[in-house]
Amino acid sequence: MLNKIPQYFHNRFRANEAKLHELTYLFWECTQRCNLNCLHCGSDCIADSKVKDMPFEDFIEAILPLKDKFKPNSITVVITGGEPLLRKDLPQCGKTLREHGFRWGIVTNGFSYNPDIHARLLAAGMGAITLSLDGLENSHNWLRNNNNSFNKALQALDLITSSNRLFYDVVTCVNSKNISELPQLLDLLISKNVKAWRLFTISPIGRAVNNDDLQLTSLHLKQLMDFITQSRLDKKIDIKFSCEAYVGKYEKKVRDSYFFCRAGINIASILIDGSISACPNINRKFVQGNIYNDRFLDVWENRFDIMRNRNWTKTGICLNCKDYKNCNGGAMHLWDEKQDCIMTCINDKLKKNY
């Protein structure tokens, strides 16, 4: 019973957060252009995307009314893509965000990160950066579909870790090719003075739909959970599993708090075409409005009910699940436009190896 009490209060907390829905993270999909052609890309980005970059003026105009509702320094704008470094105006975009009081950071593959852009972004007030590193050299280059990607990512990592005021972390998409390398990758990150590491599985969306090499078996998942659990006990690095799934008995062992998908609750996004959504990885059928037709603040305050009340997810494999009250249907990006779950329950797969 004692083990259930913290989870019970967390569930109450989660429901209250949905009711309050205070915006803390706003993703901006500033481009769909990319300098890599990754096997697992959920957005199917390409170098010569026919979708034009969103003018920064349109984005900033849409979010300025947030200053009337929230303290701007309580909201972090996360600039993503595609690859945001392909925008030549990225430092100026960041500088303007800081001038209006917003914190900001980027998500990057690191391929174009160099001393010049590093200095310019820091001067523009960048406070956070997330870098992808998906295994040792061969595994990373395989997933990123570029033989020089690993070396470029390490060069970027050296620059990032050299800044004392920059909040950063490394993210790794775990798959069947790199899972056996995680201990070596951990040693590499520690040697590079990395402080924070998040590990993800790869959902069957975008290019990953028909690639079995990207998916983990139930044994792989247990191996991943055990690795994270032990690494957290060793306390050599702040390592955690991502926010994508409830993991049963591994809850609180693999992350700092219980599972909570905050998409549409504390997280929103403005997509490349102006669409207003939650986490940019969720199905685009869940779009709630568009900045070219709607006021962003009105949409945030008055829509998003499908994400704040997720009782509709109690269907299919979730219908009779005893853990539903804790899982609440899992992460929003696992549901398609038909409101069907697209992925086998991670918790169910883990239970096979208990």
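Contact here means heavy atoms within 4.5 Å. Everything in these close-ups comes from a predicted model.

**View 1. Ten strands line up in one open sheet.**
Reading across the sheet, the order is β7-β6-β5-β4-β3-β2-β1-β8-β9-β10, and the pairing is mixed. The edges belong to β7 (238–241) and β10 (289–290), each of which pairs on one side only. As a general reminder, strands of a sheet pair through backbone hydrogen bonds, either parallel or antiparallel.

**View 2. Strands β6 and β7 run side by side, with a helix packed against them.**
Zoom in on the β7 end of the sheet. Strand β6 (residues 196–200) runs parallel to β7, and four bridges join the two. If you want a pair of residues to look for, Arg198 stands opposite Lys240 in β7. Helix α8 (residues 218–234) packs on the sheet here, touching both β6 and β7. The direction of α8 makes about 150 degrees with that of β7.

**View 3. Helix α2 lies across three strands of the sheet.**
Helix α2 covers residues 56–63, and the strands it lies across are β1 (25–29), β2 (76–80) and β8 (267–270). Relative to β1, helix α2 runs at about 160 degrees.

**View 4. Helices α7 and α8 cross with a right-handed twist.**
Here α8 shows up again, this time with α7 (residues 182–191) as its partner. The two axes come within 11 Å and cross at roughly 35 degrees. Which residues do the meeting between α7 and α8? From α7 there are Leu182, Pro183 and Leu186, and from α8 there are Leu224, Phe227 and Ser231. Sorted by type, the residues of this contact come out as five nonpolar, one polar and no charged.

**View 5. One cavity of 30 Å³ or more turns up in the model.**
A quick word on the idea: rolling a probe the size of a water molecule over the atoms shows where empty space is left. The cavity has a volume of about 220 Å³ and a lining of 19 residues. Lying nearest its centre are Cys318, Cys327, Gly329, Gly330 and Cys345. Helices α11 (324–327) and α12 (346–351) are the elements that give two or more residues to the lining. The largest share, three residues, comes from α12. By type, the lining of this cavity divides into twelve nonpolar, four polar and three charged residues.

**View 6. The second largest pocket holds about 400 Å³ of space.**
Its lining counts 14 residues, with Asn3, Lys4, Gln7, Tyr246 and Asn326 nearest the centre. Which helix gives the most to this lining? That would be α1, with five residues. Helix α1 spans 4–20, and both α1 and α11 supply at least two residues each. The lining of this pocket splits into four nonpolar, five polar and five charged residues.

**View 7. Two backbone oddities sit in loops.**
Start with the peptide bond between Gly81 and Gly82, which is cis, with omega at about 20 degrees. Gly82 belongs to the loop between β2 and α3 (90–99). Then move to Lys252, which has a positive phi of about 70 degrees although it is not a glycine. To find Lys252, look in the loop between β7 and β8.

Note on methods
Residues numbered from 1 in each chain as written. Predicted model: local features only at pLDDT ≥ 70, side-chain atom pairs only at ≥ 80, totals over all residues. Heavy atoms only, no water. Pairing = 2+ DSSP bridges. Axes fitted to C-alpha atoms, helices over the stretch in contact; angles between N-to-C directions. Left-handed = near helix turned anticlockwise from the far one by under 90°. Nonpolar A, V, L, I, M, F, W, Y, C, P; charged D, E, K, R; others polar. 1 Å grid on protein atoms, 1.4 Å probe; cavity = no way out; pocket = protein on both sides within 12 Å on 5 of 7 lines; lining within 4 Å. Points joined across faces, edges and corners; volume = space filled by probe spheres on them.
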